[in-house]
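Here's an informal walk through this model, starting with the RNA contacts and ending with how far to trust the coordinates. Have the viewer open as you read.

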Amino acid sequence: MKVLIQLKSDMSLKLSEQERFRREALKELLDLGIDPYPAEKFDVNVTAKEILKRFPEDNSLFQEVSIAGRIMGRRIMGSASFAELQDSTDRIQLYFNRDEICPGEDKTFYNTVFKRLLDIGDIIGVKGHVFVTRMGEITIHVKEYKILCKSLRPLPVVKEKDGQVYDAFKDAEQRYRQRYLDLIVNPEIRDTFRQRARMIQSMRDFLLSKDYLEVETPVLQPIYGGAAARPFKTFHNTLDTTLYLRIANELYLKRLIVGGYDGVFEFAKDFRNEGMSRFHNPEFTQMELYVAYKDYEWMMELVEEMVEKITLDLHGTTEVKVGENIINFKRPWKRFTMYEAIEHFTGVNISDMDEDQMRKTAKELGVETNTTMGRGKIIDEIFGEKCEAQLIQPTFITDYPIEMSPLAKKHRSAPGLVERFEAICNGKEICNSFSELNDPIDQRARFEEQLELGRRGDPEAMILDEDFLRSIEHGMPPTAGLGIGIDRLAMIMTNSNSIQDVLFFPQMRPEKTSSVEGQDNKEFSDAGIPGEWITILQHAGYTTAALLKEANPNKVFNQLCGLRKKQKLDIPAPKPEEVKSWIENM
RNA sequence: GACUUGGUAGCUCAGCUGGUAGAGCACAUCCCUUUUAAGGAUGGGGUCCUGGGUUCGAGCCCCAGCCAAGUCACCA
């Protein structure tokens with residue numbers, strides 16, 4: 001028991017006052033014989049949302065409810081109290097009456113347990129009936145309650161009245177690092193992720209209804225491919241081999257088309273070792289789809305149909321508000337070839353220009369180029385600078401320069417182009433698709449061009465995948481392929497300004513851990529310092545042996561006594577000569 | 001990677017020309033006892049991001065660093 005108390009006081013040095021109060025409350029609960037973390041289930045027969053929705057229509061309902069959730073607010077006034085209970089669906093008010101919670105003489109369970117030992121953030125289960133208070137609020141009249149989990153840290157308290165939010169918890173860093181807090185106190189965040197899940201469900205339903213097969217392909221790949229990007233590198237010990245986290249699954253899905261499936265798709269986490277921004281996270285989700293005997297024209301129709309359906313499923317209309325704009329996904333979407341789009345936004349027709357003329361035009365348009373850029377790259381640059389951001393309504397851009405698209409089939413009629421399209425929406429690409437290149441000779445030549453780029457130092461150049469080539473040498477039917485950015489689409493569908501808002505745990509730089517934690521205490525204990533004082537010394541700033549060795553013994557002694565008093569520690573004060581001997585022994 | 005802005009109590013934020021760290025919420029002890037971002041009284045709570053520098057004196061000024069956000073560049 002003594003050890004326990006010491007442990008506790010050591011721990012409490014690092015705790016804030018509010019955390020210490022909660023740990024003390026926990027102890028009192030245990031002393032009262034109440035288990036703050038019971039093992040048995042608590043049966044729930046209703047949600048807050050259901051009550052709030054249906055009770056106004058029929059006051060005879062919900063006369064025996066059992067519901068559980070987190071306490072988000074309390075208003076205590078002696079023998080009667082109100083609390084707010086938040087479950088996964090909504091918040092509902094609870095009414096507690098002392099003499100009903102404690103019908104007998106002993107009022108402990110109300111006076112002590114409810115009023116003093118419970119806190120905002122604790123999770124409880126209650127049973128009772130629903131009524132309406134004098135203030136007109138739907139409320140559960142609690143007959144009994146049970147502590148399901150004691151919370152040891154204070155929650156950010158966000159309050160709201162008439163749509164006005166007070167003390168909103170909105171610091172992006174804390175919200176992303178401690179997403180659980182964000183989800184607890186900002187319930188609209190929970191809805192964003194529900195919408196994301198429904199969006200994926202809707203897409204999956206659509207694809208399954210077409211009888212395409214949902215598949216899984218390797219994340220760990222010996223040769224990464226299918227996109228232009230730098231990979232994450234890792235190592236497999238048993239195979240003694242370098243492996244890469246996939247940047248795309250394209251080449252594997254095409255192998256499955258070679259294998260005889262007509263349609264395969266995968267919701268794939270891809271990993272790209274590149275910059276981060278509000279549009280880029282190192283890991284992101286892409287849905288890739290490959291359908292045999294189809295081409296990119298057909299795929300455009302499918303994308304329109306699918307995204308329109310998703311929008312209807314999510315919003316009941318084809319219109320979505322995104323920032324300042326209303327985006328309408330109703331079919332058909334606008335279509336431009338890349339040349340047409342450039343002509344539309346700049347007034348210049350560049351389709352027949354050679355590289356020199358084009359470079360000159362780019363300069364006139366204020367688009368920067370350099371000598372390493374070929375004709376295709378310049379076109380892409382002009383488009384990116386002058387057109388993409390202006391495409392707010394969903395628009396297909398078709399027929400890309402061949403240089404940028406080593407896996408796409410050459411255009412059936414326009415030389416120098418490939419059969420490729422991207423859908424642009426809200427100024428950003430949301431998907432990328434082409435008639436897949438199935439000519440193995442051409443594919444090998446395109447890979448070799450990529451190898452040449454790699455030799456010239458392009459870190460994103462593709463690697464030649466010999467097994468993939470072998471597979472399409474066996475023959476891949478004409479195939480349409482699609483990659484659609486799930487995070488990007490989720491941003492639009494949920495009106496989110498950054499990708500971090502549609503990922504539960506966006507990548508962040510690791511948090512710096514406290515230097516006191518995990519210290520090697522051996523040198524301290526070797527000098528004869530009792531364990532309970534080591535943490536206190538470290539708390540006082542003497543985190544290493546060297547620091548303590550340099551210190552003035554009198555000052556250290558005073559600091560320790562000061563801390564002992566301040567933290568109300570239940571250990572005897574050290575003697576000055578003891579402190580002196582510790583320091584001498586260091 | 002570059003530039004801009006920010007980092008102060010558990011949360012949201014003030015903090016003057018550099019002069020003993022503040023408010024609201026939360027927390028503790030009371031009062032009130034069907035309230036509702038409850039109200040009232042009292043109280044406790046701080047590594048002012050970190051490390052240097054200037055100064056008699058730094059939350060504030062200077063330098064370096066860490067973390068985040070925004071903008072730009074590359075990528076979806």
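## Polar contacts to the RNA

In this predicted model, the side chain of Arg 75 puts an N or O atom 2.7 Å from a base oxygen of RNA strand B. Tyr 95 does something along those lines too: an N or O atom in its side chain sits 3.0 Å from a base oxygen of RNA strand B. With Glu 173 the partner is in the backbone of the RNA, since a polar side-chain atom of Glu 173 lies 2.6 Å from a sugar or linking oxygen of RNA strand B.

Which elements give two or more residues to the surface near the strand? They are α2 (17-31), β1 (65-77), β3 (91-97), β6 (159-161), α6 (172-177) and α13 (375-386). The top contributor is α6, which supplies 5 residues.

## The surface around strand B

Step back from single contacts and you find 52 residues around RNA strand B, with Met 77, Met 135, Lys 159, His 280 and Arg 488 coming nearest. Look at the RNA side of that surface and 61% of the atoms of strand B within 4 Å of the protein belong to sugar and phosphate.

How do the residues of this surface divide by character? There are 24 charged, 19 nonpolar and 9 polar ones.

## Two buried charged residues

Go back to helix α6 for a moment, and you'll find Arg 175 there. Is Arg 175 buried or exposed? It counts as buried because its relative accessibility is 12%, under the 20% cut-off. Setting aside residues up to four places away in sequence, Arg 175 touches Phe 169, Lys 170, Asp 182, Asn 186, Ile 189 and Asp 501.

Asp 442 is another one to click on, in helix α14 (residues 440-455). Its relative accessibility is 14%, so Asp 442 counts as buried as well. Apart from neighbours within four places in sequence, Asp 442 is in contact with Lys 410 and Leu 437. If you want a distance to check, the C-alpha atoms of Asp 442 and Leu 407 are separated by 9.6 Å, and these two residues are 35 apart along the chain.

## The chain as a whole

Chain A has 21 helices and 20 strands. It runs to 586 residues, and 46% of them are buried. Of the contacts in chain A with a separation of 6 or more, 63% are between residues 24 or more positions apart.

On the outside, the accessible surface of chain A comes to about 30300 Å². Carbon and sulfur atoms own 50% of that area.

## How far to trust it

The predictor gives the complex an ipTM of 0.84 and a pTM of 0.84. Chain A averages a pLDDT of 85, with 85% of the residues scoring at least 70. Among its elements, strand β8 (residues 213-214) has the highest mean pLDDT, 98, while helix α1 (residues 2-12) has the lowest, 36.

Where should you be careful? Over residues 1-12 the pLDDT is below 50, and this stretch has 10 contacts in the model beyond near neighbours in sequence. Residues 565-570 also have a pLDDT below 50, with 9 contacts beyond near neighbours in sequence. Where pLDDT is low, the predicted coordinates shouldn't be read in detail.

Notes. Residues numbered from 1 in each chain as written. Chains lettered and ligands numbered in written order. Predicted model: local features only at pLDDT ≥ 70, side-chain atom pairs only at ≥ 80, totals over all residues. Heavy atoms only, no water. Near = heavy atom within 4 Å. Polar contact = N/O pair within 3.5 Å; in protein donor to acceptor, adjacent residues only side chain to side chain. Helix = DSSP H or I, 4+ residues; strand = E, 2+ residues; numbered from the N terminus. Nonpolar A, V, L, I, M, F, W, Y, C, P; charged D, E, K, R; others polar. Buried < 20%, exposed > 50% of the residue type's maximum accessible area, 1.4 Å probe, protein only. Contact = heavy atoms within 4.5 Å. Areas by Shrake-Rupley, 256 points an atom, 1.4 Å probe, with all protein chains shown as cover. pLDDT = per-residue confidence, 0-100.
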